[in-house]
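Visitor: Please take me through the cysteine pairing in this model. I would like the geometry, the placement and the burial of each link you can describe, and then a look at what surrounds them.

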Amino acid sequence: MWFERGFLAIFFLLLTVFAVSTFTTADDILESRGSTARILLQVKTACPVNFEFLNYTVITSQCKAPKYPATLCCKAFKEFACPYADLLNNVTNDCASTMFSYINLYGKYPPGLFASKCRSANGGLACPAPAPAPSPKSK
């Protein structure tokens, strides 16, 4: 009989310790510690351009294995990507990752090829400024 009481006493003691540690852990989890850590999984907005059905032949016809010449590859890449430069340089959307996925899918390029060969000084896509629209002639 004393064995049963001892067993029950130990059982309730362990149960109490477990319950207290669980509540303490739950309080620690719910406690706000401020924003001292970076948020690694930031939600990006969907790209407004559907890159799936664009014509990639400007890239695939000029940028070819095995050497992938930087001058030809970057020229073709810029010709394809510069119309979308504002969207591609915007880190709050998924346009760049979506476009590169399709470039790699259709061209079978090694990952990071264009990022390593065609990087501008600021790390984004540097495109030439568009030609100014002709001004209407005054009479």
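Guide: With 100° about the S-S bond, the link between Cys47 and Cys95 is right-handed. Its two halves come from distant parts of the chain, 48 residues apart. Cys47 sits in the loop between α1 (2-30) and α2 (57-60). Cys95 belongs to helix α5, residues 95-107. The sulfurs are 2.0 Å apart, S to S. Bear in mind that this is a predicted model.

How accessible are the two ends, Cys47 and Cys95? Cys47 has a relative accessible area of 16%. That is under 20%, so Cys47 is buried. Cys95 is at 0% relative accessibility and therefore counts as buried.

What the link is chemically can be put briefly. A disulfide is a covalent bond between the sulfur atoms of two cysteines.

Now the wider count. The search of the whole structure turns up 4 disulfides. Number the bonded cysteines along the chain, and the pairing reads 1-6, 2-3, 4-7, 5-8.

Take Cys74 and Cys118 next. Their disulfide has an S to S distance of 2.1 Å. The torsion about this S-S bond is about -100°, so the link is left-handed. Cys74 lies in helix α3 (residues 70-81), and Cys118 in the segment after α6 (113-117). The pair therefore ties together parts that are 44 residues apart in sequence. Why are Cys74 and Cys118 counted as buried? Cys74 has a relative accessible area of 12%, which is under 20%, so it is buried. Cys118 is at 10% relative accessibility, so it is buried by that cut-off too.

Then there is Cys82 with Cys127. The S to S distance here is 1.9 Å. The torsion is -90° about the S-S bond, and the link is left-handed. Cys82 is in the loop between α3 and α4 (85-88). Cys127 is in the segment after α6, so this pair ties together parts that are 45 residues apart in sequence. Cys127 has a relative accessible area of 28%; that falls between 20% and 50%, so Cys127 is partly exposed.

Back to the loop that holds Cys47. Leu54 is also found in the loop between α1 and α2. Its relative accessible area is 25%, and Leu54 is partly exposed. Set aside its neighbours within four places in sequence, and Leu54 is in contact with Val49, Phe80 and Tyr84. Phe80 falls within the span of helix α3, residues 70-81. Leu54 and Met99 are 45 residues apart along the chain, yet their C-alpha atoms are separated by 9.6 Å. Met99 falls within the span of helix α5, residues 95-107.

Finally, the frame around these links. The protein has 6 helices and 0 strands. From the N terminus on, the order is α-α-α-α-α-α. Among contacts with a separation of 6 or more, residues 24 or more positions apart account for 71%. Of the 139 residues, 20% are buried. Cys47, at 16% relative accessible area, is one of the buried residues; so are Cys95, at 0%, and Cys74, at 12%. The protein exposes about 11100 Å², and carbon and sulfur atoms supply 65% of that area.

Note on methods. Residues numbered from 1 in each chain as written. Predicted model: local features only at pLDDT ≥ 70, side-chain atom pairs only at ≥ 80, totals over all residues. Heavy atoms only, no water. Helix = DSSP H or I, 4+ residues; strand = E, 2+ residues; numbered from the N terminus. Buried < 20%, exposed > 50% of the residue type's maximum accessible area, 1.4 Å probe, protein only. Contact = heavy atoms within 4.5 Å. Areas by Shrake-Rupley, 256 points an atom, 1.4 Å probe, with all protein chains shown as cover. Disulfide = S-S within 2.5 Å.
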